[in-house]
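This report describes how a protein surrounds the ligands placed with it. Please keep the sequence and the structure in view while reading.

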Amino acid sequence: MKTPRIFVPNDATAIACGADRIFRRLEDALAARGVTYDIVRNGSRGLFWLEPLIEIETPAGRVGYGPVKPSDVESLLEHGFLAGAPHPLCVGLVEELAYLKKQTRLTFARCGIIDPLSLADYKAHGGYKGFERALELGPAATVEEVFESGLRGRGGAGFPTGIKWRTVAAASADQRYIVCNADEGDSGTFADRLIMEADPFCLIEGMTIAGLAVGATKGFVYCRSEYPLSFVVMEKAIAIARQAGLLGRNIAGSGIDFDMEMRMGAGAYVCGEETALLDSLEGKRGVVRAKPPLPAHKGLFGQPTVINNLISLATVPVILEKGAKFYKDFGMGRSRGTMPIQLAGNIRHGGLFETAFGIPLGELIYDIGGGTASGRPVKAVQAGGPLGAYLPTSQFDTPFDYEAFAARDALIGHGGIVVFDDTADMAHMAKFAMEFCAHESCGKCTPCRIGSTRGVETLDKVIAGERREQNLVVLRDLCQTMKLGSLCALGGFTPYPVLSALNHFPEDFGAAPKLPQAAE
Ligand SMILES: Cc1cc2nc3c(=O)[nH]c(=O)nc-3n(C[C@H](O)[C@H](O)[C@H](O)COP(=O)(O)O)c2cc1C
Ligand code: SF4
């Protein structure tokens, strides 16, 4: 009989939900039964409400059980879990789950399927095919392939990746760098973490291709300090790749040199801003640099630097493997390809949903996400992190597209969507946005440093009902100053959540606090 392969996820979400304890229980229970087994510690598939999702390989495919508690292990085994038998926790064939079936998984194609630290598994699932094609194409054509794919930066600004790479490739220098922005500070986002913990070689391959394309021999991953597990998994994967000759000098006999290292972030939201990140990486305090010069001309240690979000870099292998046209055929308008949308906050089916651009917001929240976890009506969502606007349900027809969101003064950002039900008080959410800015401001420019603190004070007065109309005029004026006068998007975009809350929910800015109503 074939040794049963059991999959117990090993990423931070699953571990937080008890996956390690389940793994140990399973090991003990199987040993006690004298059963030979092979437990693979995969990464999460991103269906977080089912975590820990335990899977068993059967002739029909992988059958899932979740969310499993350590105390369920005995019952699972008694009900014939090793044969994929029915059980109250059984969700059937995982690949057939609607949440997965409706997705177009390009960047996340391997997440949850492979053993994250098995290079053989990675290669068996298409790994390093993109790098091989980049070698065939050569540097200039690789840059053009990325340009042609229409890939735009997934960190927030949506800048075309190919243009950034062209600029760095054209800059004259002895040393160029690839910097991966894995600071992932936006609320409700976890896509970077999932790649690092579930498919780390994908990032390594993407950065290697970037190095080949622009002539950089050194890369750094700036990983947020709140991701200790990602950091460890990445360090292990880098060591494995180096050992296999896929990092270092003369990669796979190609004549290409590229190596990379992990760096731990400083724990500040502003260190996700690319120039503050570069300062932090150089060992300085993370303070935003004035541009120009652009990092593409003068970046890390004053050298031309590609600084890209992790998802931008992790999408490069599939673009090279399948071709620019294949990737570009997904999406709408100028938003090409797919986006890993992260559903979070008060939502029933929170998790990662990779899909082509263009899906309406309402479909994501209701059809995919199943509405709120509380069962109450949705009031609003905040898209694009703490600097993103609040969208009321009347705007749920907005397609997930950079330009369509911008037309509504909203942001796609890094693809995070945080859902709020009707008990949320939007005046307090507006105040929170100002407080966040005041707390995270790097202090370099006055509109942000001082404006955010004045914003908190003004909102306090509005909430207390103190000269409400006059203070709302002051608040709008202040927001205008922050928008136009701030050096970076932290101060410049904080007005968006504040003003969207005020414009869409003016009733919440009255003197009397809003009391929760009974569920309908
Ligand atoms: C305050 C602030 C925080 C940011 N945080 C992040 C972050 O956590 N991760 C990220 O990739 N980009 C972040 N960005 C955007 C980066 O400055 C930059 O645009 C991005 O790294 C470029 O990569 P991309 O073109 O691949 O998106 C932030 C920007 C600002 C203004
Ligand atoms: S807007 Fe805020 S975070 Fe950005 S440079 Fe100015 S003070 Fe620093």
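## Polar contacts of ligand 1

In this predicted model, an oxygen atom of ligand 1 lies 3.1 Å from a polar backbone atom of E184. A polar backbone atom of G155 is 2.7 Å from an oxygen atom of ligand 1, and for E274 the corresponding distance, again between a polar backbone atom and a ligand oxygen, is 2.9 Å. On its own, ligand 1 has 620 Å² of accessible area, and the protein covers 91% of this area.

## The surroundings of ligand 1

Ligand 1 occupies the largest pocket. Around ligand 1 there are 18 residues, and the closest are G155, E274, N308, N309 and S312. By character, this shell consists of 8 polar, 6 charged and 4 nonpolar residues.

Which elements each supply at least two residues of the shell around ligand 1? They are the strand β9, residues 305-309, and the helix α20, residues 489-493. The largest share, 3 residues, comes from β9.

## The surroundings of ligand 2

Ligand 2 takes up the space of the largest cavity. Its shell holds 13 residues, of which C442, K444, C445, C448 and C488 are the closest.

How do the residues of the shell around ligand 2 divide into nonpolar, polar and charged? The shell around ligand 2 has 8 nonpolar residues, 4 polar residues and 1 charged residue. For ligand 1, the counts are 4 nonpolar, 8 polar and 6 charged.

Notes. Residues numbered from 1 in each chain as written. Chains lettered and ligands numbered in written order. Predicted model: local features only at pLDDT ≥ 70, side-chain atom pairs only at ≥ 80, totals over all residues. Heavy atoms only, no water. Near = heavy atom within 4 Å. 1 Å grid on protein atoms, 1.4 Å probe; cavity = no way out; pocket = protein on both sides within 12 Å on 5 of 7 lines; lining within 4 Å. Sits in = over half its atoms within 2 Å of the grid points. Nonpolar A, V, L, I, M, F, W, Y, C, P; charged D, E, K, R; others polar. Polar contact = N/O pair within 3.5 Å; in protein donor to acceptor, adjacent residues only side chain to side chain. Areas by Shrake-Rupley, 256 points an atom, 1.4 Å probe, with all protein chains shown as cover. Helix = DSSP H or I, 4+ residues; strand = E, 2+ residues; numbered from the N terminus.
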